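Me: I would like a close look at one part of this protein: the aromatic residues and the helix packing around them. Please keep it brisk and tie the pieces together.

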Amino acid sequence: MDFFGTIMFPFKWLVSAIMVGFHDGLSTIGLPAANGWTWTLSIIGLVLVIRAALIPVFVKQIKAQRGMQLLQPDLKKMQDKYKGKTDQLSRQAMAQEQMALYKKHGTNPFSACLPMLIQMPFFFALFQVLSGISTAKAGGQGIGAMSLEQVKQFDESSIFGAPLSASLLHGSTAGGEVAVWILSIVMILAMTASQFITQKQIMAKNMSEEAMASPFMKQQKMMLYILPIVFGVGGINFPIGVLIYWTTTNLWTMAQQFFVIRRMPTPGSPAAKALAERRAAKGLPALPLLGAKKADAEAAASASASAAAAVEARSQRVQPQRKNRKRK
């Protein structure tokens with residue numbers, strides 16, 4: 001076993017163990033053990049377990065992202081301060097001030113990527129498990145926590161006529177090439193579209209005006225188009241089972257972001273103003289926004305009060321004034 005294989009072994013075992021646990025549970029309640037939908041639900045169950053475990057990390061990611069957005073004005077001032085200065089002392093001073101800014105706001109550029117970085121070993125482990133199914137079956141051995149019998153069941157299982165262990169690029173030895181092509185393309189499109197919609201939703205509704213005008217926004221716009229292309233191109237090599245995993249986790253992310261944008265929006269964003277107006281219309285006080293500074297919280301409360309006053313003014317019926325009649 002190589003070095004990378006040694007590192008990935010515990011992840012492969014854990015991923016396959018969770019899948020087997022869901023598979024055994026579904027088989028116990030009456031689903032056919034060798035059916036492709038039983039294994040598909042097991043992969044979806046794997047996604048739910050991993051993403052539920054990452055919820056605390058996701059909350060930290062939100063705080064880190066908002067910290068990055070809040071420091072953009074200060075970061076822009078610092079960049080203007082050292083603009084055109086290329087000497088070593090200026091670079092060191094700029095780096096120290098930048099680190100001080102990150103420390104002040106309790107964030108760093110890598111915190112926003114933490115959930116994806118944590119999830120990647122599990123993704124690679126699942127890829128290795130599912131892409132190695134046919135080889136393990138041919139060698140007469142199990143893989144990870146999956147027994148030889150379960151390996152055979154998975155290798156022979158399919159949905160819509162497409163084997164779960166087949167991929168668009170490599171096809172399938174068990175037939176169903178057309179089904180593999182159609183299902184792979186549909187899932188790759190769903191996977192990339194859900195990722196694009198999630199990022200677009202964040203940029204359109206959950207970023208403040210300062211963040212939209214910052215250099216950081218240029219990177220976000222690049223990632224908006226680059227990541228779906230990367231996963232779309234890589235998807236031609238993913239087995240159907242891996243595409244199920246990644247599409248499901250992208251749909252989870254999209255739903256999670258929709259909840260955050262609606263209930264815990266970024267201070268100063270269009271979504272935060274919409275939340276203040278909704279709460280004001282119901283006569284409710286403004287909520288403290290996650291990651292907001294005290295000044296931002298006070299501004300949100302003020303905005304909510306203003307929205308409440310506007311709603312109340314619109315709801316009041318204008319009383320007609322009686323005109324004085326001229327006496328003859």
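Reply: What follows moves from the aromatic pairs to the core, then to the helix contacts and two single residues.

The model is predicted. Start with the rings. The structure holds nine aromatic pairs. One of them joins Trp-39 and Phe-154. Their ring centres are 5.2 Å apart. Their planes stand at 75°, and over 60 degrees counts as edge-to-face, so this pair is edge-to-face. Where do Trp-39 and Phe-154 lie? Trp-39 is in helix α2, residues 36-53, and Phe-154 is in helix α8, residues 148-156. The pair therefore ties together parts that are 115 residues apart in sequence. Both Trp-39 and Phe-154 are buried.

A second pair has another geometry. Phe-123 and Phe-124 sit 5.7 Å apart, centre to centre. The angle between their planes is 55°, and the pair is tilted. Buried or exposed? Take each ring in turn. Phe-123 has 4% relative accessibility; buried means under 20%, so Phe-123 counts as buried. Phe-124 has 38% relative accessibility, so it counts as partly exposed. Both residues belong to one aromatic cluster. Phe-127, Phe-238, Tyr-245 and Trp-246 are in that cluster too.

Now the core. The largest nonpolar core has 44 residues. Which of them touch the most other members? They are Met-19, Leu-46, Leu-126, Leu-130, Met-146, Phe-154 and Tyr-245. Two names return here. Phe-154 is the partner of Trp-39 in the edge-to-face pair, and Tyr-245 is a member of the aromatic cluster. Several helices feed this core. Those giving two or more residues include α1 (3-28), α2, α7 (133-138) and α8. The same list has α6 (114-131), α9, α11 (215-234) and α12. Helix α6 gives the largest share, seven residues.

Two of these core helices also pack against each other. Helix α9 spans residues 177-205, and helix α12 spans residues 240-263. Their axes come within 9 Å and cross at roughly 20°. Angles under 35 degrees count as roughly parallel, so α9 is roughly parallel to α12. The crossing is left-handed. What sort of residues make the contact of α9 with α12? They divide into 16 nonpolar, nine polar and one charged.

Helix α12 has another partner, α3, residues 55-70. Here the angle is about 55°, with the axes 13 Å apart. That makes α3 oblique to α12. The crossing of α3 past α12 is right-handed.

Two single residues complete the view. Phe-160 lies in the loop between β1 (158-159) and β2 (162-163). What is notable about its backbone? Most residues other than glycine have a negative phi. Phe-160 is not a glycine, yet its phi is positive, about 55°. Its relative accessible area is 63%, so Phe-160 is exposed.

Asp-74 is found in helix α4, residues 72-81. Its relative accessible area is 25%, so Asp-74 is partly exposed. How far is Asp-74 from Gln-98? They are 24 residues apart in sequence and 9.3 Å apart in space, C-alpha to C-alpha.

Technical notes. Residues are numbered from 1 along each chain as its sequence is written. This is a predicted model: local features need pLDDT of at least 70, side-chain atom pairs count only at pLDDT 80 or more; totals for chains, interfaces and linings use all residues. Side-chain values use heavy atoms; hydrogens and water are left out. Rings of Phe, Tyr and Trp (its six-membered ring) pair if their centres lie within 6.5 Å; planes under 30 degrees apart count as stacked, over 60 as edge-to-face and the rest as tilted. Helices (H or I, at least four residues) and strands (E, at least two) are DSSP runs, numbered from the N terminus. Buried means under 20% relative accessible area, exposed over 50%, partly exposed in between (1.4 Å probe, protein chains only). Axes are lines fitted to C-alpha atoms, for helices over the stretch in contact, and angles run from 0 to 180 degrees between N-to-C directions. Angles under 35 degrees count as roughly parallel, over 145 as roughly antiparallel, 65 to 115 as roughly perpendicular and the rest as oblique. A crossing is left-handed if the near helix is turned anticlockwise from the far one by less than a right angle, and right-handed if clockwise. Ala, Val, Leu, Ile, Met, Phe, Trp, Tyr, Cys and Pro count as nonpolar, Asp, Glu, Lys and Arg as charged, and the others, Gly among them, as polar. A nonpolar core is a set of buried Ala, Val, Leu, Ile, Met, Phe, Trp, Tyr and Cys residues joined through side-chain atoms within 4.5 Å.
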